[in-house]
Amino acid sequence: MLRSAKRRPEVVTADLSDDETEFLDTVSSQVRGQTLDAEQKVVAVDLAERLLETLSPEDRLALMMIDGEGASVNEVAEVTGWSESKVKVRAFRARKKAREALEKLLH
């Protein structure tokens, strides 16, 4: 169990700063479509980085290239040497893991 926890770190609410916890409370109670102020954006970026740290390096790479940089599946496949289907699966699983980690923090 300890080895598994080292390989797949989990972000828990206790690990978050007061600003991040407050941001999560605010976001979970707000309606989508509202814009964030500058401070909230900084907190959101920090929280996103923490969530990305819970992913494997390959999952993080796929997610950052596709969703972060706007690269196409074909471009990621060329850069990494992976097949297009592997890129799609990696990105899908990375999004799912990040979403699950965020949901744990919100509940």
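A helix is a DSSP run of H or I of at least four residues, and a strand is a run of E of at least two, both numbered from the N terminus. The model is predicted, so local features need pLDDT of at least 70 and side-chain atom pairs count only at pLDDT 80 or more, while totals for chains, interfaces and linings use all residues. Residues are numbered from 1 along each chain as its sequence is written, and side-chain values use heavy atoms, with hydrogens and water left out.

**Exercise 1. State the fold pattern and place D19 in it.**

Step 1. The protein has six helices and zero strands.
Step 2. Along the sequence, the pattern reads α-α-α-α-α-α.
Step 3. D19 belongs to helix α2, residues 18-29.
Step 4. The relative accessible area of D19 is 41%, so D19 is partly exposed; buried means under 20%, exposed over 50%, and partly exposed in between (1.4 Å probe, protein chains only).

**Exercise 2. Identify the residues of the largest nonpolar core and the helices that supply them.**

Step 1. A nonpolar core is a set of buried Ala, Val, Leu, Ile, Met, Phe, Trp, Tyr and Cys residues joined through side-chain atoms within 4.5 Å.
Step 2. The largest such core has nine residues: A62, M65, I66, A71, V76, A77, W82, V87 and A91.
Step 3. At least two residues of this core come from each of α4 (57-68), α5 (73-80) and α6 (84-106).
Step 4. Helix α4 gives the largest share, three residues.
Step 5. For the whole protein, 25% of the 107 residues are buried.

**Exercise 3. Describe a salt bridge within one helix.**

Step 1. A salt bridge requires a side-chain nitrogen of Lys or Arg within 4 Å of a carboxyl oxygen of Asp or Glu.
Step 2. The structure contains five salt bridges.
Step 3. One of them joins D46 and R50, at 3.9 Å from N to O.
Step 4. D46 and R50 are four residues apart in helix α3 (residues 38-53), so about one helical turn separates them.
Step 5. D46 is partly exposed at 32%, as is R50 at 24%.

**Exercise 4. Describe the salt bridges that link helices α4 and α6.**

Step 1. The closest N and O atoms of E58 and R90 are 2.5 Å apart in a salt bridge.
Step 2. Because E58 lies in helix α4 and R90 in helix α6, this pair ties together parts 32 residues apart in sequence.
Step 3. D67 and R95 also form a salt bridge, at 2.8 Å from N to O.
Step 4. D67 in helix α4 and R95 in helix α6 are 28 residues apart, and the pair links distant parts of the chain.
Step 5. Salt bridges with shared partners join E58, D59, R90 and K97 into one network.
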